[in-house]
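Hi,

Here's the structure I promised to pass along. Have a look, and my notes are underneath.

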Amino acid sequence: MSSPELLRSFIAAADTGSFSAAARLLGKHQATISGNIARLEDELAVILFDRVGKYPEITPQGLALYDSAKLVVESTARFNRNALNLAAGLPMLITLGLDEDLPTAPLVGLFTKIRQQYPLLKLNILREPSQQLFKLIEEKQLDLALSLTLEGQTNIYEYKAIGSACYYLVCGKRHPFARKSTISTDEMMHSTQILQRSLAKNNLHQTVKIAFDTWECQGFEAQLEAIRANVGWAFIANYPYQPMPEGITQFNAEFAAIDFTSQYDLIWPKGRAITEVEQFISDQLMSLFTQK
């Protein structure tokens, strides 16, 4: 197999259009680049560049090998990075718990960054109510969890304050509330309200329950589908500065007391130090809660 160093010289020359530009790109002497490419051509018994003109021109054979060369170089870099991570003692698997009442769509960027930063890491993701996340952390079945802040329970877990989720009044785009500028308390009381089932187990339930007729849904996604179906109106949680999910619209109520936020923490088992990977996840989550 050809050396990745030789392949890097070939790729740089193909990308920049000259050996001198490739040398500047890689921080090497031009003679080194020329020598590396000549050596690669000897190894492969293939002419990669036509050197007749002022600037070297990649040959059809060189073009045919270009994508394969990039794949080898990228695979080698990934292999070396993974080996370094393992040698440094970084975990190969993390089980992450996420409060089921929070939307997952804004977390796509987090997952992408984790994959880019730690390509060898396997991530197990659980969606559970916060109360269940606390239990799983206590039983050491989770490495990390993003959960509602629970006062007076820090004897069973370590924690870091991440930020506050905002709650918004929303309905489907064909719901009667979507066509009115302001909704009265009486209208809200006599229209179906879609509740998150987990709220019945904490003190937010009495805060957000307004209507006589209610539907209960397990998790954010189920609640969102019921709203999109115009079954009723709801409070939904969202990260600050994030757009509303597709298919729903916010509405205004005649009283302001319904606006509220909930504090979220990142928690992990008591007495265990947080790892580099977990700190990276923590930083990314905090950024999600605070970015504008």
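Below is what turned up, going by helix, cysteines and cores.

Some bookkeeping: this is a predicted model, where local features need pLDDT of at least 70, side-chain atom pairs count only at pLDDT 80 or more, and totals for chains, interfaces and linings use all residues. Residues are numbered from 1 along each chain as its sequence is written, and side-chain values use heavy atoms, with hydrogens and water left out.

Helix α1 covers residues 4–16 and reaches 18 Å from its first C-alpha to its last, close to the 18 Å expected at 1.5 Å a residue (helices are DSSP runs of H or I, at least four residues; strands are E, at least two; the expected span is 1.5 Å times one less than the number of residues). Its buried residues (under 20% relative accessible area, 1.4 Å probe, protein chains only) include Leu-6, Phe-10 and Ile-11. Just after α1, Gly-17 has a positive phi of about 90°.

No disulfides here: the count is 0 (the cut-off is two cysteine sulfur atoms within 2.5 Å). For Cys-166, the closest cysteine sulfur is in Cys-171, 19 Å away, so that is too far for a bond. Cys-217 has its closest one in Cys-171 too, at 15 Å, again too far.

On to the cores (buried Ala, Val, Leu, Ile, Met, Phe, Trp, Tyr and Cys joined through side-chain atoms within 4.5 Å). The largest has 41 residues, and Met-188 and Trp-233 touch the most other members. Helix α10 gives the most to this core, with 6 residues. A second, separate core of 17 residues includes Leu-6 and Ile-11, both buried residues of α1.

Cheers

Key
Buried means under 20% relative accessible area, exposed over 50%, partly exposed in between (1.4 Å probe, protein chains only).
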